[in-house]
Amino acid sequence: MRELVRTNDPVLISAIEALLQGADIPHAVLDQYMSVLEGSIGMLPRRIVVADDHVPAARRLLVDAGLGHELRPDDA
């Protein structure tokens, strides 16, 4: 699994999830239940991850949707 985006913006997370689901790209949102520990103030970012073999397609999808600036650096 590789991280695509890290954000605490719930609207952005929903938009990216909708794009990935629409393109049939499996993904997971990590740390979404950390609000229980942080007191629901939205301080801890959530991470959207995809399997290694889906990274190129997912990155291309987000760039095409105008969200390329939200992508984490592609270190691999």
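**Notebook: salt bridges, sheet and helix H1**

I began with Glu3 and Arg6, whose side chains meet in a salt bridge at 2.8 Å, N to O. The model I am reading is a predicted one. I then looked up how far each partner is covered. Glu3 has a relative accessible area of 22%, so I log Glu3 as partly exposed. Arg6 comes out partly exposed too, with 37%.

Next I asked what else Glu3 holds. Arg72 forms a salt bridge with Glu3, and the closest N and O atoms are 3.4 Å apart. This pair links distant parts of the chain: Glu3 sits in strand S1, Arg72 in the segment after H3, and 69 residues separate them. I checked Arg72 for exposure. Its relative accessibility is 30%, so Arg72 counts as partly exposed.

I moved on to Arg59. Its salt-bridge partner is Asp74, with 4.0 Å between the closest N and O atoms. Here, too, distant parts of the chain are linked: Arg59 belongs to helix H3, Asp74 to the segment after H3, 15 residues apart. Is Arg59 buried or exposed? Its relative accessible area is 18%, and buried means under 20%, so Arg59 is buried. Asp74 is partly exposed at 38% relative accessibility. I followed the shared partners and found Arg2, Arg59 and Asp74 joined into one network by salt bridges. My tally of salt bridges comes to five.

**The sheet**

I turned to the strands. How many strands form the sheet, and in what order? Three strands form an open sheet, ordered S1-S3-S2, with antiparallel pairing. The edge strands are S1 (2-7) and S2 (27-30), each of which pairs on one side only. I noted the twist: it averages 25° from one strand to the next.

I looked closer at S2 and its partner. Strand S3 covers residues 46-50, and four bridges join S2 to S3. The two strands run antiparallel. In this pairing I found Leu30 standing opposite Arg47 in S3.

Then I asked which helix packs on the sheet. I found helix H3, residues 55-64, touching S1 and S3. The direction of H3 makes about 30° with that of S1.

**Helix H1**

I checked the length of helix H1, residues 10-22. Its 13 residues should span 18 Å at 1.5 Å a residue. The end C-alpha atoms are 18 Å apart, so the expected span agrees.

Which residues of H1 are buried? I listed Leu12, Ile13, Ile16 and Leu20. I viewed H1 down its axis. The buried residues fall within an arc of 100°, so they line one face of the helix.

I then looked at the face of H1 turned away from the buried side. That face carries the exposed residues Pro10, Val11, Gln21 and Gly22. Last, I asked what covers the buried residues of H1. The cover includes strands S1, S2 and S3, along with helix H3.

**Recap**

I keep three points from this session. Glu3 meets Arg6 and also forms a salt bridge with Arg72. Arg59 is buried, whereas its partner Asp74 is partly exposed. H3 packs on the sheet, and H3 is also part of what covers the buried residues of H1.

Methods
Residues numbered from 1 in each chain as written. Predicted model: local features only at pLDDT ≥ 70, side-chain atom pairs only at ≥ 80, totals over all residues. Heavy atoms only, no water. Pairing = 2+ DSSP bridges. Axes fitted to C-alpha atoms, helices over the stretch in contact; angles between N-to-C directions. Contact = heavy atoms within 4.5 Å. Buried < 20%, exposed > 50% of the residue type's maximum accessible area, 1.4 Å probe, protein only. Expected span 1.5 Å × (residues − 1). Arc of directions from axis to C-beta.
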